[in-house]
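Good morning, colleagues. I should like to take a few minutes to present one chain, beginning with its charges and moving on to its overall form and its domains.

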Amino acid sequence: MAAQKKADAAKRRADAHQAALAARNKDDLRSPICCILGHVDTGKTSLLDKIRQTNVQEGEAGGITQQIGATYFPVDAIKTKTLVLNKDGSQEYKIPGLLVIDTPGHESFTNLRSRGSSLCNIAILVVDIMHGLEPQTLESLRLLRDRKSPFIVALNKVDRLYGWEATPDNAFRDSLEKQKPSVQREFEHRVKSTILAFAEQGLNAVLYYDNKSFAKNVSLVPTSAHTGEGVPDMIMLLVNLTQQRMSDRLMYLSELECTVLEVKVIEGLGTTIDVILSNGILREGDKIVVCGLNGPIITQIRALLTPQPLRELRIKSSYVHHKEVKAALGVKVVAPDLEKAIAGSRLLVVSPDDDEDDLMDEVMSDLTTLLNSIDKSGRGVCVQASTLGSLEALLDFLKSSKIPVSGINIGPVHKKDIMRAATMLEKAKELACILCFDVNVDKEAERLAEEMGIKLFKADIIYHLFDAFTAYNAEITEAKRKDAAPQAVWPCRLKIIAAFAKRDPIILGVDILDGTLRVGTPLCVVKVDPVTQKKEIIPLGKITSLEINHKTQDLVKKSQAGGGVAVKIEHAVYQSAKMFGRHFDDKDEIYSLITRQSIDVLKTSFKDDVSTEEWLLIKALKPRLNVQ
Ligand SMILES: Nc1nc2c(ncn2[C@@H]2O[C@H](COP(=O)(O)OP(=O)(O)OP(=O)(O)O)[C@@H](O)[C@H]2O)c(=O)[nH]1
């Protein structure tokens with residue numbers, strides 16, 4: 001019965017999805033969603049501020065509205081902004097507007113996905129024309145490429161080219177034509193080097209007005225957030241790219257597509273979620289499901305809020321309430337039980353026909369997939385990120401770098417996260433750490449980590465985290481090697497050519513038949529009783545010094561030995577002294593005294609330093625020295 005009911009619900013849902021897809025229409029496009037990302041100080045915020053500035057009176061039709069985590073530009077505002085490029089009025093505007101996500105830390109949001117496709121339809125990667133591609137630019141490029149997100153590049157701060165004469169808010173090419181030849185030359189030079197830097201990343205970049213194929217080449221739009229030059233070009237490019245190349249994905253879908261951007265505690269409202277509604281309609285009273293850290297959260301929308309328009313500031317409440325909202329927009333959802341909601345999660349609405357369990361499984365599936373990447377052996381680092389999307393990017397990266405992961409979490413690092421990482425202290429100390437990507441660590445957690453010896457790596461750039469972790473690992477390996485060095489025995493096989501001192505200490509002139517000689521290596525000879533055939537291993541002591549032509553050495557390779565090496569051998573106080581001529585003589589070969597334990601030390605701590613020949617020599621010595 002229950003199974004049948006479930007199957008019916010699933011079928012109804014699939015049918016509804018098909019119906020929603022079928023009802024789409026190329027003339028009914030929704031607003032594309034755009035993200036801005038780039039290195040610090042390239043001018044992301046300034047560019048946003050510039051495009052937000054409006055001549056249209058606040059609140060009038062066509063006005064730009066500030067939403068939750070986003071700014072909405074209706075087509076009328078876009079038309080006004082791009083007028084300088086559309087003097088003859090021939091430009092077509094098919095999209096109803098543009099939704100730009102402006103939550104700080106935009107990077108994490110490029111990674112948000114709804115229904116497997118990126119939440120952002122297009123991204124603006126801001127590059128400072130005076131600085132070129134910086135570390136975070138490269139990181140953003142990687143994210144964009146991995147997710148196959150379309151993007152344009154704003155080459156910002158063109159007004160800083162020496163001698164630039166500004167024409168505020170002008171179309172870029174018109175402004176460039178007005179510049180002195182020296183300024184034009186500098187511009188060309190900087191564009192060329194940027195194009196070269198992109199080529200090094202395997203990307204074809206061209207100035208957008210020279211771009212013959214949007215599919216093959218990345219478009220560069222020169223801009224200035226200060227003078228507004230090139231900003232019309234940037235907006236026009238976004239309009240054209242989205243409506244020409246993405247109309248399939250932008251056709252308005254009656255079915256809901258909604259993603260949680262941030263989870264925030266607001267005084268008087270409790271824990272709320274800021275969501276981006278990319279398709280469909282959301283209503284007050286809707287029953288919703290989102291992915292939570294401790295399982296699915298099912299709750300009911302109490303209120304849908306957007307910020308009060310500026311002119312309404314005298315009104316007490318800072319929010320406008322909505323009975324229902326239609327895509328695309330950013331809205332704050334007030335509902336009970338949202339404390340454990342996860343940023344980056346999808347939000348689904350439960351309709352009366354739906355099977356709640358199915359929807360809960362569906363919202364949880366994104367997190368479940370990530371949980372599967374946890375190492376089954378229980379050994380690994382802990383990772384913590386701000387959203388599902390950024391966690392996914394970090395896990396992908398760690399997987400390709402072969403760093404095992406034992407625990408994941410989303411949101412700020414608290415004491416309990418440190419406790420979890422601490423379980424690794426006994427298993428593998430070098431993995432007792434947390435890689436924190438774009439999240440805060442609370443004070444108490446930080447203190448506890450220090451007390452317990454849990455390393456915290458914090459960065460907003462994935463590969464910085466990776467570099468810091470790798471450096472730390474190398475440090476630990478080196479320390480371990482130092483500790484293990486006295487137990488490591490490097491293999492050698494020696495021929496005696498002279499005896500300079502017969503005992504206490506023994507000093508021999510030797511030739512290296514195989515391997516290397518190092519100070520500290522214990523030596524031995526193997527005697528076989530001619531009558532009983534019994535093998536006896538006679539330890540001679542350790543090498544305490546090495547000389548070639550009266551020059552002391554710490555290490556002598558076979559190739560360096562040439563005319564012979566003088567080797568001083570001293571025995572430990574607990575060993576009996578051996579004598580040349582009595583216990584051994586020049587017919588005996590001398591070997592390193594290797595043991596099972598010494599071979600294991602080489603394997604664990606010096607694996608990469610032991611050459612193939614040395615491994616072969618160890619293999620050959622094992623039976624002679626009765627090592628199993
Ligand atoms: N001359 C010039 N300066 C600019 C331009 N855009 C931004 N700046 C300046 O560059 C600095 C950084 O600008 P922001 O807009 O804060 O840069 P951001 O990328 O948002 O920086 P973060 O949010 O810290 O990553 C500020 O001092 C801006 O005034 C530009 O087009 N021309």
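**Charges, dimensions and domains**

Let me begin with charge. The chain carries 83 positive and 83 negative side chains, and 5 Å lie between the centres of these two sets. Please bear in mind throughout that this is a predicted model.

I turn next to the overall dimensions. The C-alpha trace extends over about 110 × 80 × 45 Å along its principal axes. How does the radius of gyration of the chain stand against that of a compact globule of 628 residues? For such a globule one would expect a value near 25 Å, whereas the chain has 35 Å.

As to surface and interior, 50% of the 628 residues count as buried. The exposed area of the chain comes to about 30,600 Å², and 51% of that area is supplied by carbon and sulfur atoms.

The secondary structure consists of 18 helices and 32 strands. If we take the contacts with a separation of 6 or more, 71% of them join residues 24 or more positions apart.

Finally, the domains. Which parts of the chain does the division assign to each domain? Domain 1 covers 26–250 and domain 2 covers 257–367; domain 3 follows at 373–483, and domain 4 at 488–624. Between the centres of domain 1 and domain 3, taken over C-alpha atoms, the separation is 36 Å. These two domains are in contact, with domain 1 contributing 12 residues and domain 3 contributing 14 residues.

Thank you for your attention.

Key
Residues are numbered from 1 along each chain as its sequence is written. This is a predicted model: local features need pLDDT of at least 70, side-chain atom pairs count only at pLDDT 80 or more; totals for chains, interfaces and linings use all residues. Side-chain values use heavy atoms; hydrogens and water are left out. Helices (H or I, at least four residues) and strands (E, at least two) are DSSP runs, numbered from the N terminus. The radius of gyration is taken over C-alpha atoms; the globule rule is 2.2 Å times the number of residues to the power 0.38. Buried means under 20% relative accessible area, exposed over 50%, partly exposed in between (1.4 Å probe, protein chains only). Contact means heavy atoms within 4.5 Å. Accessible areas come from the Shrake-Rupley method with a 1.4 Å probe; for residues, only the protein chains shown count as cover. Lys and Arg count as positive and Asp and Glu as negative; His and the chain ends are not counted. The place of a charge is taken as NZ of Lys, CZ of Arg, CG of Asp or CD of Glu. Domain bounds come from an automatic or database domain assignment.
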